[in-house]
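Q: Please take a close look at one small part of this protein with me, and then follow the trail outward from there. I am new to this, so go step by step.

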Amino acid sequence: MLNSRNHYNYHCKCRIVVTSKDGGETISWTDIRFDTTLIDPVVSGHILAYQGILFFSNPATTTTRTNMTLRWSYDDGTTWSGAYQVWNKASGYSCMTAFPKHLQTLDNQKYIYLLYEKGDLSATETVSLVKISLDGTL
């Protein structure tokens with residue numbers, strides 16, 4: 001999946017998405033779609049596929065870089081099953097990760113990690129790392 005910001009807000013203030021049918025070898029540009037669930041103020045977001053779940057993070061507003069939100073999908077991004085507000089104030093770029101299989105233990109396989117820009121007034125005030133349980137708790 002290619003998930004990109006919609007720089008000129010063409011069609012909507014949301015993400016542009018296209019999915020490859022061959023693992024990224026080719027992309028059919030006729031399959032480009034606008035995901036209106038993934039509202040976006042024109043900022044970098046991040047996707048992570050982990051344990052059969054697709055996660056997406058971004059500041060989920062249409063006007064300002066605020067409201068860092070984590071969404072999840074059980075059908076590879078066709079629909080989004082839920083959303084969790086991580087930070088309601090200024091937020092910017094984000095990145096997610098999880099322990100690779102060869103380093104997983106029974107404890108750490110239950111978590112993903114979200115690194116994101118945040119602040120009270122500006123997203124560039126600090127960077128925060130949040131450990132998020134797959135059961136929905138921080």
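A: Let's start at Ala98. Leaving aside residues up to four places away in sequence, Ala98 touches Tyr50, Tyr111, Ile112 and Tyr113. Keep in mind that you are looking at a predicted model. If you want to find Ala98 along the chain, look in the loop between E7 and E8. Is Ala98 buried or exposed? With a relative accessibility of 16%, Ala98 counts as buried, because the limit for that word is under 20% relative accessible area. For a sense of distance, pick out Ala60 as well: Ala98 and Ala60 are 38 residues apart in sequence, and their C-alpha atoms are 22 Å apart in space.

One of the residues that Ala98 touches, Tyr113, brings us to the aromatic rings. How many aromatic pairs does the structure hold? There are 3 of them. Let's begin with a pair elsewhere, Phe56 and Trp80, and then come back. The ring centres of Phe56 and Trp80 are 6.1 Å apart and their planes meet at 50°, so this pair is called tilted. The two partners come from distant parts of the chain: Phe56 belongs to strand E5 (residues 53-59), while Trp80 sits in the loop between strand E6 (66-73) and strand E7 (82-97), 24 residues apart. Both names go with low accessibility values: Phe56 is buried at 0% relative accessible area, and Trp80 is buried at 13%.

Now back to Tyr113, whose ring pairs with that of Phe99: the centres are 5.9 Å apart and the planes stand at 75°, so the pair is edge-to-face. This pair, too, links distant parts of the chain, with Phe99 in the loop between E7 and strand E8 (111-119) and Tyr113 in strand E8, 14 residues apart. Why are the two pairs labelled differently? The angle decides: planes over 60 degrees apart count as edge-to-face, whereas planes under 30 degrees apart would be stacked and the rest are tilted. Tyr113, at 16% relative accessibility, is buried, but Phe99, with a relative accessible area of 31%, is partly exposed.

Trp80 leads us onward, to Asp35. Not counting residues up to four places away in sequence, Asp35 touches Cys14, Arg15, Val17, Gly77 and Trp80. Asp35 lies in strand E3 and is buried, at 5% relative accessibility. What does the side chain of Asp35 meet there? One of its polar atoms lies 3.1 Å from the backbone nitrogen of Thr37.

Other Asp residues pair up with Lys. The structure has 5 salt bridges, and here are some of them. Lys21 and Asp31 form one, with their closest N and O atoms 2.8 Å apart. Both residues are in the loop between E2 and E3, 10 residues apart. Lys21 is exposed, with 72% relative accessible area, whereas Asp31 is partly exposed, with 30%.

A second bridge joins the side chains of Lys89 and Asp120, at 3.2 Å from N to O. Here strand E7 provides Lys89, and the loop between E8 and strand E9 (126-133) provides Asp120, 31 residues apart. Lys89 is partly exposed at 35% relative accessibility, and Asp120 is partly exposed at 48%.

Then there is the bridge between Lys110 and Asp107, where the closest N and O atoms are 4.0 Å apart. Lys110 is partly exposed at 42% relative accessibility, and Asp107 is partly exposed with a relative accessible area of 42%.

Our last stop returns to the loop between strand E2 (14-18) and strand E3 (33-39), which also holds Ile32. Ile32 is partly exposed, at 36% relative accessible area. Which residues form a nonpolar patch on the surface with Ile32? They are Leu2, Ile27 and Trp29, and the four residues of the patch have about 370 Å² of accessible area together.

So here is the trail once more: from buried Ala98, past the edge-to-face pair of Phe99 and Tyr113 and buried Asp35, to the nonpolar surface patch that includes Ile32.

Technical notes: Residues numbered from 1 in each chain as written. Predicted model: local features only at pLDDT ≥ 70, side-chain atom pairs only at ≥ 80, totals over all residues. Heavy atoms only, no water. Patch = residues over 30% accessible without salt bridge, like charges linked within 9 Å, V, L, I, M, F, W, Y side chains within 5 Å. Areas by Shrake-Rupley, 256 points an atom, 1.4 Å probe, with all protein chains shown as cover. Helix = DSSP H or I, 4+ residues; strand = E, 2+ residues; numbered from the N terminus. Buried < 20%, exposed > 50% of the residue type's maximum accessible area, 1.4 Å probe, protein only. Polar contact = N/O pair within 3.5 Å; in protein donor to acceptor, adjacent residues only side chain to side chain. Contact = heavy atoms within 4.5 Å. Phe/Tyr/Trp six-rings, centres within 6.5 Å; stacked < 30°, edge-to-face > 60°.
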